[in-house]
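Visitor: I'm new to looking at protein structures. Could you walk me through this one, feature by feature?

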Amino acid sequence: MSSSLHDNPVREAPSTPFDNSYARLPQQFFAEQAPTPVREPRLIKFNAALARDLGLDAEALERDGAAIFSGNKPLPGAQPLAMAYAGHQFGSFVPQLGDGRAILLGEVVDRHGRRRDIQLKGAGPTPFSRRGDGRAALGPVLREYIVSEAMHALGIPTTRALAAVTTGEPVYREDVLPGAVFTRVAASHIRVGTFQFFAARGDTDNLRILADHVIDRHYPDIKDRKNRYLALLEAVAERQASLIARWLHVGFIHGVMNTDNMTVSGETIDFGPCAFMDAYDPATVFSSIDRQGRYAYANQPGIGQWNLARLGETLLPLIDPTLDTAVDLANTVIKGYGERFQGHWLAGMRAKIGLGDEDDGDLDLIQSLLAVMQQGQADFSLTFRRLTALAASDEAETAFAASFTDPQSIMPWLARWRERLSRESRSAAERPSAMRRINPAFIPRNHRIEQAIQAAMEDDDFSLFEALLTVLAKPYEDQPAFAPYAEPPRPAERVLQTFCGT
Ligand code: AMP
Ligand code: MG
């Protein structure tokens, strides 16, 4: 007994400076729920840099990572809970969804003074699980780890990955799969669907409490505005317009932009069937369940607006006591989103083709490039990266033109582009480095993610997963040692469908 105690010292879990503002909200906001322990947890990956950024004791957490990030060992100060929310799924309203397999441990204030949620995903059933088992499979956990960290490195607002563990237990989907738990960090997990939860119940008091909580937490600058709830709608619209434009700039397709998967903080969340596009086609869809293409690449800005309209509806009673007035005010914001999005998108696209100035013909120039890319099945990321190389040296022209099935097809556009560049006020010497900062060489290509998941699941080999994390941490650098990771899939490697994380 004493020797086993010696071999297996019962360590205190490291103290974590939790300050749980969500747990202090009224009881209707959540259900208290501890994680359900798992049989044989194993730590697959721990993000020590993020842990330090959160002000946590990274070494202590890692030492006990399997127990802590599986939910087997409680962290002192955590107040585990499942959040209540509703949501429109593929356009149909579901009045009660909620965290069916995610458990919020609590919040910490990080080194930059930002409040951040720490949540376990796949930590066992909750009162919101409905028919689900509350668990996650290893594949989707690795996908979320890779893609959310890649998004962060690309400079796109996103939830983060703190840890991944396997559980030693099977999960039953169409196949029997290894179970895993993902630890997610977010500015908050409050969604459009959280507002819909209270609006659907006519619970205006709690709706106001939620709106005030969100303003305090994410938009403190608007606190003293005359109509703070209208300002809230406007602030969320601005962040979503900017976010979705950034997605389009890197070829990202979220895949399930249901209102319960849209944060009010403006971070990307829920990387279920998401994927990056290889060849440019605005109609690209990967998700196996998105049969109508509702969430196709080019539909994302419009869906963002649709989701914001749903948020606007929930806020009506707070915006003005007279319904007609509230509707008019909210509508103005929803309509204004289109212009906001277009502004962000065009600014980024200008930068992608190396323009520092604005010219009336730029939109047409950009759309013409996209049209030739679509026609010529050009790889989205490579085309812009090769254009970057071409901005540095004319010798790169052959490689750039080779991006198109018919290399000659891009020549008329290149002539227009060069003419436009000749009218730029910025010197040509500054152009390539500016373009490199917005045109990544490396994106989490779908076939690479699938290869990493397969190796992990079939051979317990995480080396491809690790290699992907390494290369994707510096997406704008050339990294010659990783050159093959910049390439699109060969026809046999192409992955045409992705599946939800459920
Ligand atoms: P998602 O598609 O991941 O955004 O999830 C949609 C809803 O289904 C949310 O309420 C989830 O909590 C719930 N859900 C997804 N997977 C599971 C699962 N394995 N067990 C219980 N609930 C789940
Ligand atoms: Mg979700």
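Visitor: Which backbone atom is 2.6 Å from an oxygen atom of ligand 1?

Guide: When you look at a ligand, start with its polar atoms and find their partners. Keep in mind that this is a predicted model. Here, a polar backbone atom of Gly 100 lies 2.6 Å from an oxygen of ligand 1. A nitrogen of ligand 1 is 2.8 Å from a polar backbone atom of Gly 134. A side chain joins in too: an N or O atom of Arg 173 is 3.4 Å from a nitrogen atom of ligand 1. By itself ligand 1 would expose 480 Å², and the protein buries 87% of that.

Visitor: How many residues surround ligand 1?

Guide: Count the shell, then sort it by character. There are 18 residues around ligand 1, and Gly 98, Gly 100, Asp 133, Gly 134 and Asn 261 are the closest. Sorted out, the shell has two nonpolar, eight polar and eight charged residues.

Visitor: Where does ligand 1 lie relative to domain 1 and domain 2?

Guide: Check which domains supply the shell. Ligand 1 lies between domain 1 (22–189) and domain 2 (193–351), because both of them give residues to its shell.

Visitor: Now the core. Which residues have the most contacts inside the largest nonpolar core?

Guide: The general idea is that in soluble globular proteins, nonpolar side chains tend to be buried together. In this model the largest nonpolar core has 128 residues, and Phe 195, Leu 232, Ile 353 and Trp 417 have the most contacts inside it. Helix 8 (residues 228–250) is the biggest giver to this core, with 15 residues. Domain 1 (22–189) and domain 2 (193–351) each supply at least three residues to this core as well.

Visitor: Let's try single residues. Is Asn 446 buried or exposed?

Guide: Look at the relative accessible area: under 20% counts as buried. Asn 446 has 1%, so it is buried. You'll find Asn 446 in helix 16 (residues 446–459). Its side chain has a partner, making a polar contact with the side chain of Arg 143 at 3.3 Å.

Visitor: And where is Pro 41 found?

Guide: For a loop, name the elements on either side. Pro 41 sits in the loop between strand 1 (30–32) and strand 2 (42–46). Pro 41 is partly exposed, with a relative accessible area of 23%.

Visitor: How far apart are Pro 41 and Ala 67 in space?

Guide: Compare sequence with space here. Pro 41 and Ala 67 are 26 residues apart along the sequence, and their C-alpha atoms are 6.5 Å apart.

Definitions and conventions
Residues numbered from 1 in each chain as written. Chains lettered and ligands numbered in written order. Predicted model: local features only at pLDDT ≥ 70, side-chain atom pairs only at ≥ 80, totals over all residues. Heavy atoms only, no water. Near = heavy atom within 4 Å. Polar contact = N/O pair within 3.5 Å; in protein donor to acceptor, adjacent residues only side chain to side chain. Areas by Shrake-Rupley, 256 points an atom, 1.4 Å probe, with all protein chains shown as cover. Nonpolar A, V, L, I, M, F, W, Y, C, P; charged D, E, K, R; others polar. Domains from an automatic or database assignment. Core = buried A, V, L, I, M, F, W, Y, C linked by side-chain atoms within 4.5 Å. Buried < 20%, exposed > 50% of the residue type's maximum accessible area, 1.4 Å probe, protein only. Helix = DSSP H or I, 4+ residues; strand = E, 2+ residues; numbered from the N terminus.
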